[in-house]
Amino acid sequence: MIRMTKQTDYGFVLLSHLASEVAGGANAPELAAETRLPLPMVSKILKLLVRQGLLASHRGVKGGYSLARPAAAISAAEILQALEGPVALTVCVEGTPGECEHEHYCTTRGPWQRINREIFAALAGVTLADLTDGPALQLVQLGHRADVTAAAAEAV
């Protein structure tokens, strides 16, 4: 199974929250409270996203975090790369020679690289703005997390 880490999942939640019109910018404790995520993890993710250029950090009494660019200019692929590293389904896809002892005679390396490119292209075609639209986000903003799954299923 291909699965993101909890940190990456939380990163998408935080970025989506910041991208919403209701949130704008916020500090780490506010974001942790509003998203119901643990403050230490939120702080860690926010710092990482600043280092990767997806968030801007603002100092001072009214300081906090905001998106570094418009949500429509940030792709899911960028977010995933910032939090997980290069998108690679297998070691040979990363492109680092010598990582796999079978690379010289592997018949599946080429197809895996093609699959990886297609997945990356699909992720690159979805923006943070796309992820923040729809009934699921509206329910989260209203505090109805339990209803999010049902609303998302109905929307599909």
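Modeller: A polar contact is a pair of N or O atoms within 3.5 Å; within protein, one must be able to donate a hydrogen and the other to accept it, and residues adjacent in sequence count only if both atoms are side-chain atoms. Here, the side chains of Thr-8 and Glu-84 are joined by one at 2.6 Å. Keep in mind that this is a predicted model: local features need pLDDT of at least 70 and side-chain atom pairs pLDDT 80 or more, while totals for chains, interfaces and linings use all residues. Residues are numbered from 1 along each chain as its sequence is written, and side-chain values use heavy atoms, with hydrogens and water left out.

Biologist: Let me get my bearings. How many helices and strands does the protein chain have?

Modeller: Helices (H or I, at least four residues) and strands (E, at least two) are DSSP runs, numbered from the N terminus. The protein chain has eight helices and two strands. Going along the sequence, the order is α-α-α-β-β-α-α-α-α-α.

Biologist: And what share of the residues counts as buried?

Modeller: Buried means under 20% relative accessible area, exposed over 50%, partly exposed in between (1.4 Å probe, protein chains only). By that yardstick, 35% of the 156 residues in the protein chain are buried.

Biologist: What about contacts between residues 24 or more positions apart?

Modeller: A contact means heavy atoms within 4.5 Å. Take the contacts in the protein chain with a separation of 6 or more: 55% of them are between residues 24 or more positions apart.

Biologist: Back to your opening pair. Where does Thr-8 lie, and why does Thr-8 count as buried?

Modeller: Thr-8 sits in helix α1. It counts as buried because its relative accessibility is 0%. Setting aside neighbours within four places in sequence, Thr-8 is in contact with Leu-80, Leu-83 and Glu-84.

Biologist: Is Glu-84 buried or partly exposed?

Modeller: Partly exposed, since its relative accessible area is 35%. Glu-84 belongs to helix α4. Beyond neighbours within four places in sequence, Glu-84 is in contact with Met-4, Thr-5 and Thr-8. The Met-4 case is a nice one to find on screen: Glu-84 and Met-4 are 80 residues apart along the chain, with their C-alpha atoms separated by 7.8 Å.

Biologist: What does the Glu-84 side chain do with Thr-5?

Modeller: A polar atom of the Glu-84 side chain lies 2.8 Å from the backbone nitrogen of Thr-5. So click on Glu-84 and look for two partners: that backbone nitrogen and the side chain of Thr-8, at 2.6 Å.

Biologist: Which residues does Gln-7 touch?

Modeller: Gln-7 lies in helix α1, which covers residues 6-19. Leaving out residues up to four places away, Gln-7 touches Met-41, Lys-44, Ile-45, Leu-48 and Leu-83. A polar residue can surprise you on screen, but Gln-7 is buried, at 15% relative accessible area.

Biologist: Now a whole helix. Which residues of α2 are buried?

Modeller: Helix α2 runs over residues 28-35, and Ala-28, Leu-31, Ala-32 and Thr-35 are the buried ones. Their arc (taken from the directions from the helix axis to the C-beta atoms) is only 100°, so they lie on the same side of α2. These buried residues pack against α1, α3 (39-51) and β2 (64-67).

Biologist: What caps the N-terminal end of α2, and what phi does Arg-36 take just after α2?

Modeller: Asn-27 is the cap, with a side-chain oxygen 2.8 Å from the backbone nitrogen of Glu-30. Just past the helix, Arg-36 has a positive phi of about 60°.

Biologist: Which residues are buried in α4?

Modeller: Ala-76, Ala-77, Ile-79, Leu-80, Ala-82 and Leu-83 are buried there. Their cover includes α1, α3, α5 and α6 (128-131). Just after α4 comes Gly-85, whose phi is positive, about 100°.

Biologist: One strand residue to finish. What is Ala-56 in contact with?

Modeller: Ala-56 is in strand β1, residues 55-58. Apart from neighbours within four places in sequence, Ala-56 is in contact with Val-50, Gly-64, Tyr-65, Ser-66, Leu-67 and Ala-68. Ala-56 counts as partly exposed because its relative accessibility is 25%. From Ala-56 to Arg-69, 13 residues apart along the chain, the C-alpha atoms are separated by 8.7 Å.
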